[in-house]
Every structure is written in C-alpha cells, then in structure tokens.
Amino acid sequence: MSVPRYQSSQPHVPTKAFSRALARIGALLPGRDDLAEMRRDPRRDLLAGLTVAIVALPLALGFGVSSGLGAAAGLATAVVAGALAAVFGGSNLQVSGPTGAMTVVLVPIVGEYGPTGVLTVGLMAGVMLVALAALRAGRYMQYVPAPVVEGFTLGIACVIGLQQIPNALGVPKPEGDRVLVVAWRAVEAFAAAPNWTAVGFAGAVAVVMLVGARWRPTVPLLPSLAVVAATVVARVAGLDAARPIGDLPSGLPAPSLSFLEPGSLGTLLAPAVAVAALAALESLLSASVADGMTVGQKHDPDRELFGQGLANIAAPLFGGVPATGAIARTAVNVRTGASSRLAALTHAAILAVIVFAAAPLVSRIPLAALAGVLLATAVRMVETGSLRAMAKATRSDALILVLTAAATLVLDLVYAVIIGLAAAGALALRAVAKQARFDQVPLDRGDHSAEEHALLAEHIVAYRIDGPLFFAAAHRFLLELTEVADVRVVVLRMSRVSTMDATGALLLKDAVERLHRRGILVLASGIRPGQRQVLDSTGALALLRHEGREYATTPEAIRAARDHLETAGLLPARAEPASRTTSEEAAR
C-alpha cells in the first residue's frame with residue numbers, strides 16, 4: 001500500500017498574464033527617471049511654476065465661476081488635479097486644471113443635475129480614464145483629423161466667449177442651458193438696465209491682454225496684472241456695480257463622498273462618458289502641443305490618461321470640477337523654461353498657498369474682470385493661420401472644420417467630435433472609393449496569331465480592377481460589370497485589388513451570377529490569399545472557378561476561356577503550343 005506524498009506549500013508563481021499586468025501597472029506609475037529630471041534644473045522649474053501659477057489664478061477662478069460651481073471649485077481643481085496630474089501624468093511639461101472646454105460641457109450638467117451631479121460625474125469620468133489607460137487607448141487619439149481639432153477649438157472659443165456675456169455686461173446669469181439663448185437674454189437684460197461699469201472692466205482687461213500679448217508676448221503675467229488693477233480700482237473707487245466673486249473658503253474642504261448619488265449613477269453615465277472623452281481628447285492634444293514646442297520631449301499617452309484619471313477621481317472629493325490638460329498654461333510652462341514635472345507641481349503648490357493665505361483678497365476680484373480674461377482667452381484660442389490653411393487645403397477639410405465648429409456651438413462638444421469624425425470618415429471613404437478603377441484591357445497576344453487574336457477578342461473581354469473593392473466603391477463596380485457587352489467570357493484581373501470586404505465580395509458574386517444567367521462565363525486571375533478568404537466565405541470564389549480550377553495568371557485564365565469556347569464550338573480546336581511566353585508577374 002503506497003503512502004500518498006504531500007508537497008510542502010510553495011508560494012504561488014504568477015502566471016504570464018499576471019506578470020504582464022503587473023508590468024503594465026508599473027509602466028503607468030512614476031519612476032526614477034522622473035525624479036532625476038526634477039533634480040536636473042530645479043531653479044528654472046520653480047520659476048516656471050511661479051509664472052504659470054500667476055497666469056493660472058484668474059483662469060481657475062473664471063472657469064470655476066463659469067462652470068456654475070463657483071470660484072472655489074476652480075481653485076480646488078487647479079490645486080488637487082494639477083498636483084496629481086503632474087506626478088502621475090505622461091508628460092513632463094503638462095499643466096492641468098479647469099479649462100474652458102470642460103466648462104462648456106459642465107454648464108448643462110449643472111443645470112440638469114446640480115453641483116452634486118457634476119462632482120459625481122467627475123468621479124465617474126476619472127474611473128473611466130483609468131480604465132482607458134489600462135486598455136492602452138491613448139494611442140488612438142492620434143487618428144483624430146486636424147480639421148476636427150481646429151473646428152473643435154474654434155467652436156469652444158465661441159462658446160467660452162458667449163458664456164462670459166452675462167458677467168461682462170454685469171447682469172445676473174439668465175436661466176437656460178443653451179449658450180446662445182443665455183447670451184441673448186443677457187443682452188436683453190443689459191438693454192433694460194445698462195451696467196457700464198462692468199462693461200468697462202471686462203473691456204479694459206480684455207484689451208490689456210490682447211494688446212499686451214502683441215506688444216510684449218514674452219510677458220505672460222498680463223492677465224493677473226490686469227485683474228489686480230481692476231480689483232484695486234473697484235475697491236478704491238467703491239464701484240458697487242462691479243460685483244465681486246464673493247466669499248472664498250480659506251483652504252480646501254476635507255475630502256468627502258457625501259456628494260455621491262448612487263440612485264442617479266445610471267442617468268449620469270452619459271454625461272460621465274462625455275466628460276471622460278473630452279478630458280482624454282483635450283489632455284492628449286495639450287501634451288502633443290507641449291512635445292511640438294520642445295526638442296527631445298515625448299509624452300506617454302496611456303500614462304497621461306492614467307494621471308488625468310487619478311486627478312479627476314481626487315478633485316471631486318475636495319469640491320473640484322473635472323479637469324484636463326490646459327493648452328494655454330502648458331504653453332506658458334514651456335515658454336518660461338520648464339524642463340520637468342517640478343514646474344507643474346510648483347504651480348499647484350503656489351495656488352494652494354493662495355487658497356490658504358489670500359482667500360479674502362481673491363474674493364474681491366470683480367466678476368467682470370474675470371469675464372474679460374476669459375474673453376481674451378477665447379480670442380487667443382483662435383489660430384487664424386491654421387483656420388486659413390485648413391480652409392484652403394481642400395473642400396473636404398473646410399467642410400469638416402465648419403461642421404465641427406457649428407456642432408460645438410449648437411449641440412455639445414462630444415456630439416461635435418463624433419459628427420466631425422463621422423464626416424471626416426465619410427469623406428475619406430469617398431476619396432478612397434474614387435481611387436477604385438475598373439478598366440477594360442487588351443488581351444495579351446501571347447502565342448496567338450493576329451487572326452486568332454482577333455477571333456478571341458470577339459468572344460473574350462478582360463478587365464483589370466485597381467484599388468479597393470469595398471462597400472463604398474463596390475456598387476459602381478457592380479453596375480459597370482453587369483453592363484458588359486455581348487461576349488461569352490469575362491476575365492477579371494484581380495492582382496491589383498488592394499483590399500476587399502464582405503460587401504465587395506457579395507456584390508461581385510451578384511454581378512457574376514447575373515452574367516452567368518446571360519450565358520457569360522466569368523473567370524478571375526491573380527486572386528491574393530487575403531481576398532480568397534472573403535471570396536470563399538461569401539460563395540463568390542466558387543463562381544470564379546472553371547471546372548474547379550483557380551488561375552494564378554491572366555494567360556492561364558485566357559487558355560481556360562479558349563478551352564471553354566472550343567467546347568462550345570465557338571472557336572476551332574488547335575494543337576497545344578510547345579511553350580508559352582510572357583512573364584506571369586507582368587501578365588497579372
């Protein structure tokens with residue numbers, strides 16, 4: 001009787017899949033290289049971070065107010081999301097925080113679900129971004145066409161500008177979630193009771209920023225200087241018409257999950273998807289801009305999504321709104337000499353100090369002054385050179401740009417991107433489909449005499465298919481093929497078919513069946529292995545064979561066609577020649 005042997009317990013050896021998962025998670029986390037970069041030139045990074053913080057302060061306040069959650073939410077986002085995205089993001093130079101594009105998406109969410117709904121949406125979007133990073137979805141953002149990006153940016157700039165109309169005119173924000181309607185109602189309210197003080201502040205700040213950007217483009221502090229000047233003037237002159245921001249809390253609120261609405265998670269799913277899509281798009285675009293402004297810098301798109309995901313998970317816990325990478329602040333960061341993540345971290349730390357130490361002073365900033373900052377920001381977002389280039393490139397590019405911009409203004413940002421991508425895809429397919437050609441080609445003489453060749457030409461016609469044979473081009477092919485003149489054999493030379501889908505194969509099958517019903521035999525030569533699979537799966541391959549044979553070259557198909565005609569008594573029988581010439585590759 002054998003005694004069972006028991007092995008001592010051993011630690012579980014991770015499977016290959018588990019090891020790959022661990023390696024993938026490790027690739028998304030900060031490493032020693034990041035720390036080494038931060039130690040390389042800390043003085044320059046600290047100075048760049050200080051500059052970006054001064055630029056970011058009025059923008060964070062303004063976007064917080066525009067979102068409907070207040071200036072404190074904008075500051076909390078800039079601090080919390082800015083720090084986490086700097087540490088865990090995929091770019092050394094990216095600066096994150098509240099942005100105008102995100103504000104455009106948040107306004108209707110605030111109107112429908114309230115502030116707690118926005119915070120819940122931000123948390124859900126953060127989880128989605130982390131999932132996208134784990135799925136390595138960052139690489140696909142490079143396929144967004146340039147006209148879609150330019151139209152998207154133009155539409156956002158228009159929406160941001162229209163959102164500032166109520167504060168710039170010094171009137172309470174009218175009811176409504178459509179920016180065009182709200183702006184028009186604000187103009188009507190201003191016409192009934194003009195507030196020229198607010199208009200003066202907004203106009204002065206906007207003019208200082210726009211003129212200063214041309215006069216002294218190397219000085220990025222003009223927004224903050226203009227806002228400070230407006231605040232001092234309003235305070236000294238006692239201008240009651242210049243409504244201030246209002247009370248700000250001295251410090252960040254304690255982390256809380258009390259805003260979560262479990263019963264509403266289903267209804268908030270669609271807005272969360274929209275926020276996550278926008279955060280991914282804008283952050284990766286901003287990181288790409290930073291790469292283009294430097295030499296030797298290249299962001300990791302998946303890690304960037306991971307960092308933005310963590311930032312958006314944490315920001316709502318402190319009362320912040322959803323965040324993205326900010327193109328304007330990132331550009332300032334690069335221009336002022338930043339070389340590592342330390343600059344973006346410094347920017348977040350300085351804003352945190354302002355939140356804790358200077359909240360009473362910040363609360364006195366006139367809303368009209370912030371409106372002027374955002375109006376100027378909207379104007380500067382529009383790159384007229386890029387728009388002009390897109391408009392002149394092709395009609396398709398111009399159409400995509402205008403369509404995306406209009407959809408951004410009338411609908412919302414996510415629908416605008418979807419519409420732009422759909423239009424770009426449709427126009428691209430149309431252009432590719434136009435490349436498909438279906439031409440009749442003369443029969444190769446080969447070893448035939450002139451008289452015999454003429455006789456063959458009376459009964460056999462050969463066509464060469466060039467380019468793609470897929471759903472966008474196959475219908476035209478079907479019409480041309482079924483209109484073949486009264487011949488007995490059609491030879492299709494298919495070696496130049498670049499791609500074929502099921503629709504193309506089914507339509508080819510339909511055309512061949514129609515020709516067969518007319519008593520016309522259809523043969524094919526040069527079918528590639530990839531095409532053979534789709535032709536076989538749809539049943540078209542069997543119809544293209546003669547007596548169960550395939551033909552690698554056109555001469556072989558011609559000989560099979562002649563055999564068929566001889567059997568039918570349409571050609572005289574002849575002895576087989578000793579040799580056949582012509583290069584198979586050239587005859588395909």
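Which residue of β5 is the bridge partner of Val461? The partner is Val490, and that pairing is a good place to enter this predicted model. Before walking on, a word on ground rules: residues are numbered from 1 along each chain as its sequence is written. Because the model is predicted, local features need pLDDT of at least 70 and side-chain atom pairs count only at pLDDT 80 or more, while totals for chains, interfaces and linings use all residues, and side-chain values use heavy atoms, with hydrogens and water left out.

Let us take the overall view. The chain holds 26 helices and seven strands; these are DSSP runs numbered from the N terminus, with helices being H or I of at least four residues and strands being E of at least two. Of the 588 residues in the chain, 48% are buried, where buried means under 20% relative accessible area, exposed over 50% and partly exposed in between, with a 1.4 Å probe and protein chains only. Contact here means heavy atoms within 4.5 Å. Among contacts in the chain with a separation of 6 or more, 83% are between residues 24 or more positions apart.

Now back to the strands. Strand β5 covers residues 489-493, and five bridges join it to strand β4 (residues 460-469), the two running parallel. Another five bridges join β5 to strand β7 (residues 521-525), again in parallel. Two strands pair if DSSP finds at least two bridges between them. Along the pairing with β7, Leu492 stands opposite Ala524, and Arg493 has Ser525 as its bridge partner.

How many of the five residues of β5 are buried? Five of the five are, so to speak, mostly covered as a strand. Val489, Val491 and Arg493 point one way from β5, whereas Val490 and Leu492 point the other way, and all are buried. Strand β7 is likewise mostly covered, with five of its five residues buried. From β7, Leu521, Leu523 and Ser525 point one way and Val522 and Ala524 the other way.

Turn next to the helices, beginning with α3 (residues 42-67) and α14 (residues 342-357), whose axes come within 7 Å and cross at roughly 50°. Axes are lines fitted to C-alpha atoms, for helices over the stretch in contact, and angles run from 0 to 180 degrees between N-to-C directions. The two helices α3 and α14 are therefore oblique to each other; angles under 35 degrees count as roughly parallel, over 145 as roughly antiparallel, 65 to 115 as roughly perpendicular and the rest as oblique. Their crossing is right-handed, meaning that the near helix is turned clockwise from the far one by less than a right angle, while an anticlockwise turn is left-handed. Residues of α3 in this contact include Pro42, Leu46, Leu50 and Leu57, and those of α14 include Leu342, His347, Ile350 and Ile354. By class, the contact of α3 with α14 has 13 nonpolar, three polar and one charged residues. Here Ala, Val, Leu, Ile, Met, Phe, Trp, Tyr, Cys and Pro count as nonpolar, Asp, Glu, Lys and Arg as charged, and the others, Gly among them, as polar.

Arg329 also reaches α3. This residue is found in helix α13 (residues 327-335), and at 3% relative accessibility Arg329 counts as buried. Leaving aside neighbours within four places in sequence, Arg329 is in contact with Val52, Ala56, Leu59, Phe63, Val95, Gly97, Pro98 and Thr99. The C-alpha atoms of Arg329 and Ala344, 15 residues apart along the chain, are separated by 9.5 Å.

A second helix pair is α11 (residues 269-292) with α12 (residues 301-314), whose axes come within 10 Å and cross at roughly 125°. These helices, α11 and α12, are therefore oblique to each other, and α11 passes α12 in a right-handed crossing. Ala280, Ser283 and Leu284 of α11 make the contact with Pro301, Glu304, Leu305 and Gln308 of α12. That contact divides into four nonpolar, two polar and one charged residues.

Finally, look at the loop between α5 (100-134) and α6 (146-163), where Arg136 lies. Its phi is near 60°, a positive value in a residue other than glycine. Most residues other than glycine have a negative phi. At 40% relative accessibility, Arg136 counts as partly exposed.
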